[in-house]
Every structure is written in structure tokens, then in C-alpha cells.
Amino acid sequence: MKDRLRYRLQMLCILCLAVAGLLGSCVAEPVGDTGLSGDGKGKQEVRLKLQVPGLSKSRANDETRAVNESVESTVNDLYILVFKNKTGEETDDTFEYYAKAEKADDTENWTAMLQAQDYAQNFIVVANAEGTTSDMLVQAIKGIEKGATKTTVKQTLQVLLTEAEKTSGFNAAGTDNHSPFTMCGQTAPTVIKAGGNNVLTVNLYRIMARVQVYFGDKAGSGVSKFVAETVRLCNFNDRAQVIPDEPGLVATKPSIPEGTNRCLGNAVYPVTENKLQCSAYLFETAQPEDTDKDAHLNRPCLIIGGKYDGSPNTTYYRVDLLKDKEYLDVLRNHSYEVTVIGVGSAGHGSEDEALAAKAANDISTSLIVWDETEVGNIDFDGNNYLGVGTMEFTVGKGGATLTQKLTSNQAWTATLLTEDGTGTPDWVRFEQTQKNTASGEGGENTQDVSFIVDAKPAEVTADRTAIMRFTAGKLQVDAKVVQGNSNLIFINVTSKEVIIENGNNVTTAIEVEYGPVGTDLVWTLTQDEQLGIVTAEGQATIGSAVGNAQTNKATISLKTNELQSAGGTIKTGKALLKLFAQGEGGEQMVEEVELLQTTFKVNLSKNSLTAYGQGEVKLYVDANAPWTATFDMGQDSRLGTFTTGFVDEQYTGAANTGTSDESSIIKFYMNEAGFTENPVAPKVHFVTDGGHVYEVTVNMSGAFTDLGTPYEILQKEMSFADAVVNGKVPEDGCKLVNTAQAKTITRAWNTSTWVSDTKEFRLEDTCLDDEKDKLYVNRLLCVSLTESAPSAEPTRLEVKYVTNGSDYNNWADVGGTISLVHEGEWGWSADTKEGCMCHIVCYYSDFDTDTKEIKLKTHSYALNPTKYTGQNPHYIYEYTNPEELVIPVVGDGKHKIINYSTTTGNDENQGVGYNDHSKVANDYLLWNITGETVKNCLFLKPIPTD
């Protein structure tokens, strides 16, 4: 427990600090029995959870393949490269050391001894490094210097084809005769804890691509008049970079290492039963530039050989990796599925002739490409495909909102079924439709399908399982959702897309819920490579929080300045906020929030609507660019209580029309709802022709009735000064609620507000109990000042407000400070100066709600040290005529307090010098109350009844 507490405190204090300098340059050593030199807490055993690329139904159980799926996915050795994560930006990572993992008795589990540290680290995991050409990869890992940047490490780690493979292609001849299928992966930023249960979860991705060829369809039905014999792979690279150039191991373009050569090759693969006997594998390869006049001679391509229309002679056809008239680069961990649909005539007489041909009009093919990084569970029929990213979701008893990755080139439907596939589960539903069915259109891009799992009732003790069935045409993929009784790790955010208000000194608060108990949260901020958001100076790019409760809340504050745009051009800056949660057992979860800062701006004539059965309501739109607006009723299940949504499906408008132009409007249809219905805050989605997005919140609520008058309730965050003192309102004709109204509304809506009939203030209590007893006042501001300390620490003014139906003991600092000071002499005469003490008392008396002035009662006493001893203490009187200060509650000023001289322990009138203190010194109240504290405020506006 002590280790974990120490780790958490250190994680919060140290994780966000940049390291002052890089480590010295020396060759890294593995973490062995002698340990690792430098700072740390000692070696810790770390368990690794490995996820390998998914299984495609088109390849599963394919007995014709020489190398099957299990061989491709087998991990034979594992090396862990440890990087110090300094700022959250991957390019700033520096190498610390490497460790070799060991396989446990269970072949699925691997462990490694890693160094415990007080800061977050990134871990690159390289699988199947051993056995590469000349053992070059292992030797490269061992030779990485401490302090090397991640960019340098990426350039260093390479694999090379053998001399034979440069001709025959990557060796995948059989299960016991193949080159290493090298893979790599990267963890989320993680702190290795001293004495903790450390687990690293990592997805491994192959560094090569796969090509498979079918004839007719995936079942190998064949092509009319053509008997396929061979497939030759041409123009592949002889070298690969193990870790891709792009951050996060993303591969949208090839990472080609320096020194790479293009191999024409003679990689010929036999065709058996109208399919390749084994898939062809190749390293990442970029297409030549179109300006190269010999580009077609250097493009990666296939040469298909076979006999046409009964001819005894073999004829050849060239097939390029061409889709929608675009030549495709060959990317790691991608699968390229080529289906020959038809052959119209004899081809070329030789492979060389076919290779030299620029077009192949006599052969028809289809090309399906999928990225197994996101979606590896694929059903494929030769022309169409359907795939999902996760085959089984495990959910804790508390429920969660989860996302399935889906890809399909045709329209799809999804259905949630009971475990036996016959019924409909009542505890899980799709988020968009709030039903057990969902659907979508096909396309090239991966789609997100979110679903909600409800919390499990206490009486349900057994695990429960649902089937998530996806269909597209004749294709089908099933995934499971299993809800158990454990408290599984979770991250909840209100939105996965946050639009940042464009301006200077803007703070955007992102609320995050995470848990359960013992879960740690780390977040990183990564800017878009093309145009990021404008962060303020000093804005952190990495942070953390610790969770000690079942559900924990963290607020991530992002401070930004204005994104500039010359000449009115609309621009959008982007950044990605990544949230990493890790439980005590090492289980991990990652959530991403996209941040958008745009110069596109939209204002509405009104930002709240009350539902009292008025039907159509018009809002004027003023934007700085032509716009299209849509409204999604699915964003909140309670919306139907207040509105049926837009009157029309969408609205459009021109730029800079102001908020009264009839050509620039949106319309809602409002229902009738009681005020006891909790309000909703849906967003209207605006987009420009260029795809720039802005969202405006429109609060919706029911009507409130007071003394027979119906009111529209408006909510707006306002400072105490603006709402209570200055009387500002969000709209003409409305007013801030009084205490009685506030109690009724806040009880129903579970909110809070300042009130217009504020009556009670108090000063921060600084007095001893015996002083309060003598003055019969509960809250006092007291100071005792001396010549060496003529002023006291500033204090605060607090006021009552209403929250959740009550104002009992609800006090809030209004903002600003109050100070008491003494100026001038310290005694009646020189012989009484030393040790003289000034005692000042101040307390609240009254507040005038009309003039907004506060009344304070004050006392100031000069205490003669020659008369006051431990045996004869002074006595504070409740003077019959204390000074009353009446001052504006919000403002600043210096206000004099009357002084009283006290020379004996019991009676101020005895002795000499009564009130002489006032002649030579003054005591003051320094009033600097700004009223800047902001709270949610409720306002009422009468609803016309005629």
C-alpha cells in the first residue's frame, strides 16, 4: 500500500515535468541480473498481454496455404525497447534501455524484468527479431545508444531479404520453412510501479504486407476459358524499417529506409485449385512518381500465367495494384486481395512482355484492401467485404459505452441478439438508434459503431452474453458482448469531439470519468501535423490523475489563444487528446478526444428554448461563412420531451447576415413540457462547404409557473457582480430568480444559482471563540497588529446562494479580498510604544438589495502593553456605538475605522490617554471585492399568454 501511495504521489508530481537533459552517450545494456545503472527503484516483473493481427474468414482454415494464420501470428521471441516519455509528443521520446522477454509455461504469456521509475515511459515491442538476415535486427537493438531519439531508433532498426529472397521473394514456403514474420507494437504511456502488479498491453502488427490471388471468387470457382497456373510478384523492396515513421505506429504511407533497393525478382507462386498455394509477402513499397517515364516498369505488380481457351501455350497478363484509377502504395499489415473475374483473350507470350505492358485490357480483376491494424476480422467473397475490429467485448457490472470498428464496401446492418441468437437482449443497445438494430452505408473508411451496456442489476449474478451480428449482402460477422461481475476499467467523456472557442486566454475544461478503484489516468496532447490548435504558453502536453473511488472525475484544462486567419479565410486547427487508463491488474483502456479550433464562428439570436407547446420557433443565424445546419435527435434520449427537432431536415444560409435576417434561420418544433423535466443541452451542427465544423448549444427546458404567471427559464453562467450587483441579464425582459423561486427550480433541476434577494453575507472567520462569545457575534474578522506586523493576511467575503433546493449553510466566496491595516504611531508616548498592540474587529451587519451596499460594524482598540499582563488581560466591550461602514459591496476603497484606547483590564475610561491613540494613528479597512466568482444563474422571462 505504501509503495502504491508513493508511486501515485510521485506520478502526479513528476510525470508532467520535462527531463532536464538527455542521458550520456553509451551503448545500452539489457536489464539483467546485475540491474540497470542510474536512477530507479529496482527491477520489476512485468507481464505482457499480446494482441496479434486478426483472423480473416477468407483465410481461416485455408488448407492450400503453405503458411497459415497461426504461423503468421506466432511470437517466437520478444524484445522491449524502453523510451522516456518526456512531453507527450512521441518525437521527444528518448531511448533508455532494452530488455528481452521470456515466455512463461503458458505460451500465451510473456514476462520481462523492467526498471521501476517515477515517470511515464513508452514501450516499443519487437517480435520475431531473431533469425533475420545476419541477425541484423537483434544486433541493431543491442547497439542503440542511451539517449537516442525515437527517430534515430526508427532509422536504425531494419530487416533485409536474404540474397535468395531478393530473387525468389520473402520465404513463406512452409510452416517449418519461412523467414521471421517480424512484428512491432507500442504501448500507451505507462509508469512501471515499484512493488506493483505491472502489465503491458500491446497490439502487434506485421511489418510486411500480404497479397492473395483468387480466380472466380474466394472459393476458387475458376474463370471461364482460363486455367490459372502461376502468379509472379515483381518490383518489391529488399529492405524494411521495423518501426514506421508516423507516430503511434500508424501506416498511411510507406516508411522506406535509406539504402533500400527495388528487386525485379522472380518470385513465382503456383496456383492450386484456382487459388495461390501460399500468399505472397513483401515489405512496404512506394509507387514511383508519375513523372517517371519508366514508372510502369518499376511499379509493384503481379504477372498472372495460365492457358487461355484450351491453348497448350501459357499466356501472361499484368495486374497492377490499382483501385479507382489510383496506384496504391504497399503498406505494412495490409492485405491486398486480388480476384480475377474474367479473361477476354490471350495475353502476352512471356512474363517480360507482360511486365513491359502498360495496360491489361484483356483481364478483369477486383482489388480489396484492408488495414488489419484496425479491422482484421473479415468476411470476404472476392468482390465484397465486411469486417469488425473486436470479436469479443468484456464489460464490467457497472456497464459502459463501447465502440466497434467496422469496415464494409456495401450497406450493412447490425442486430443485437441473445446468446442463442433467437431473442433480443434488454440490457444492450446501439447508441445512435437507442435500439437493438443499426445500419449504415458502405465505404472505404473505417466506421465507428457505438453501443451502450447497462449496469447489471444486483439480482443478476451470472454472466450475460449478447451477439452483435453484422451483415452486408451475403456476408456475416458475429461479435460477442459479455458482461461479468467484475468492476472493469472504464473511461467516459461527454463528447469525443470538442470545439474550442477561438480567442485569447480561453480555458476549455474537459471532464473525464474513470474507474474503478485503483485506476490511474494518463493523458497526452498531440498536435495535428498540418495545423494544430494554438495552445497558450506553459500548456502541459501530458498529465495524470489517480483514482481512489469506484467512479473518479478529472478535469483537463486546456488554455488556448486565438487561431489567426488572414483575409477572412476559414481554417481549423486540430489536436488529439489521448486518455490512457490502467487498472491495478494492468488492464488498460484508451479513449481519444478530437479537439477542433476553428475560425468558423456561428451566433444564434437565442441559445435557450422553453417548451410550452408553442410549435414552430425560429432562431436567426449569424455566421462568418456560408453554412449548412443539421440537428441530431439521437444525441440525448430525453430530447423528444421538449422538441421533435428541426422543422426541415437541414437549413442553409449565407455569411455575415446578422441575427435578424429571414434568409438565415433555423426552426425547431417545440412540444409542451413541465419545468420538473430536467433540461437538456443539445447541439446544432454547422458546417461550411470546406468541411469546417462549429457546434452551438441550445438549452431546452419546460415552463415554470409562479403566482399564475408562466415563465421561460434561462440559464447562463455569470459572476456575482454581473448577476446580483449590476443586474445584467441574458435577454431583455428577464430577471434573476429570488430565493423562493430558486429553491423550487434548483430542487427539480439539481443545479445552483445566485439570487436577486441576497440578504446574508459573512466575513471569513478569523477570531477566537472567547472573542466571539464576548461580542455575541458568530462570524468575526479579527486581527492583532504590531509595529513589526502592521497588516494581516487578506480575507474573503462570502454570500449565501441556493443549490439543490436549499440555501442552508451554502456559502460562496464572491471574489476579491478584504484587508485590515494600521498606519501611524504605535503608542500614546515614546515610553508606551514598544510592545503596543492594535486589535481590530469587523463583522457583517446588513445588505441593501436596492443600493447594493453592505453595512459592516467595526471596532479598533489600542492596547497598552504596560497595563496588560497575563494576570490582568484586556477586556473587549460590545460598544454601544460601534462604527458602521456602509460601502458598495463590489468595488475597492480605503475606509477609516474609529480607534478606542484601552488602558486597564476592565474599563476603558480609567487611566490616562483615552482616545489619544486616534490622534496619532489610524486603522483602515481595505475593501477590494471584485464579485468575479462565476456560478450558473437562473433567470425568468414571462411567456406571453395571449
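Just after helix α9, Asn750 adopts a positive phi of about 55°. This value, like every other one discussed here, comes from a predicted model. The helix that precedes Asn750 spans residues 739–749, and at its N-terminal end Asn738 serves as a cap. In that cap, a side-chain oxygen of Asn738 lies 3.2 Å from the backbone nitrogen of Ala740.

The residues of α9 differ in their exposure. Thr739, Gln741, Ala742, Ile745, Thr746 and Trp749 are buried. These residues lie on the same side of α9 because they cover an arc of only 145° around the axis. An α-helix has 3.6 residues a turn, so residues three or four places apart point the same way. On the other side of α9, Ala740 and Arg747 are exposed. The buried residues of the helix pack against several strands, namely β53 (699–702), β54 (704–706), β55 (709–719), β57 (752–753), β61 (802–803) and β70 (934–942).

The loop between α9 and β57 contains Thr751. Thr751 has a relative accessible area of 15% and is therefore classed as buried, the cut-off being under 20%. Leaving out residues up to four places away in sequence, Thr751 touches Gln715, Thr746, Val802, Thr803, Asn804, Asn936 and Leu938. Among these, Thr746 is itself one of the buried residues of α9.

Attention now turns to strand pairing. Strand β40 covers residues 520–527, and 6 of its 8 residues are buried, so β40 is largely enclosed by the rest of the structure. It pairs in the antiparallel sense with strand β41 (residues 542–546) over 5 bridges, and in this pairing Gly543 of β41 is the bridge partner of Trp523. Strand β40 also pairs with strand β43 (residues 572–582), again in the antiparallel sense, over 8 bridges. There, Gln527 stands opposite Ala575 in β43.

Strand β34 (residues 443–453) likewise takes part in two pairings. With strand β30 (residues 400–408), β34 pairs in the antiparallel sense over 8 bridges, and Leu402 stands opposite Phe451. Strand β32 (residues 428–430) runs antiparallel to β34 and is joined to it by 3 bridges. In that pairing, Phe430 stands opposite Phe451.

A further sheet involves strands from an earlier part of the sequence. It is open, has 4 strands in the order β4-β5-β1-β11, and shows mixed pairing. Its edge strands, β4 (102–103) and β11 (198–203), each pair on one side only. Strand β1 (residues 43–51) and β11 pair in the parallel sense over 6 bridges, with Gln51 opposite Asn203.

The final topic is the nonpolar interior. The largest nonpolar core has 65 residues, of which Leu81, Leu157, Val213 and Phe215 touch the most other members. Strand β13 (residues 208–215) supplies the largest share of this core, 5 residues. Apart from this core lies another, of 48 residues, including Val388, Ile491, Val512 and Val593. As for Phe215 in the largest core, its contacts beyond its neighbours within four places in sequence include Gly220, Val223, Phe226, Val231, Val271, Ile304 and Val340. Asn274 and Lys275 are also among the residues in contact with Phe215.

Notes:
Residues numbered from 1 in each chain as written. Predicted model: local features only at pLDDT ≥ 70, side-chain atom pairs only at ≥ 80, totals over all residues. Heavy atoms only, no water. Buried < 20%, exposed > 50% of the residue type's maximum accessible area, 1.4 Å probe, protein only. Arc of directions from axis to C-beta. Contact = heavy atoms within 4.5 Å. Polar contact = N/O pair within 3.5 Å; in protein donor to acceptor, adjacent residues only side chain to side chain. Pairing = 2+ DSSP bridges. Core = buried A, V, L, I, M, F, W, Y, C linked by side-chain atoms within 4.5 Å.
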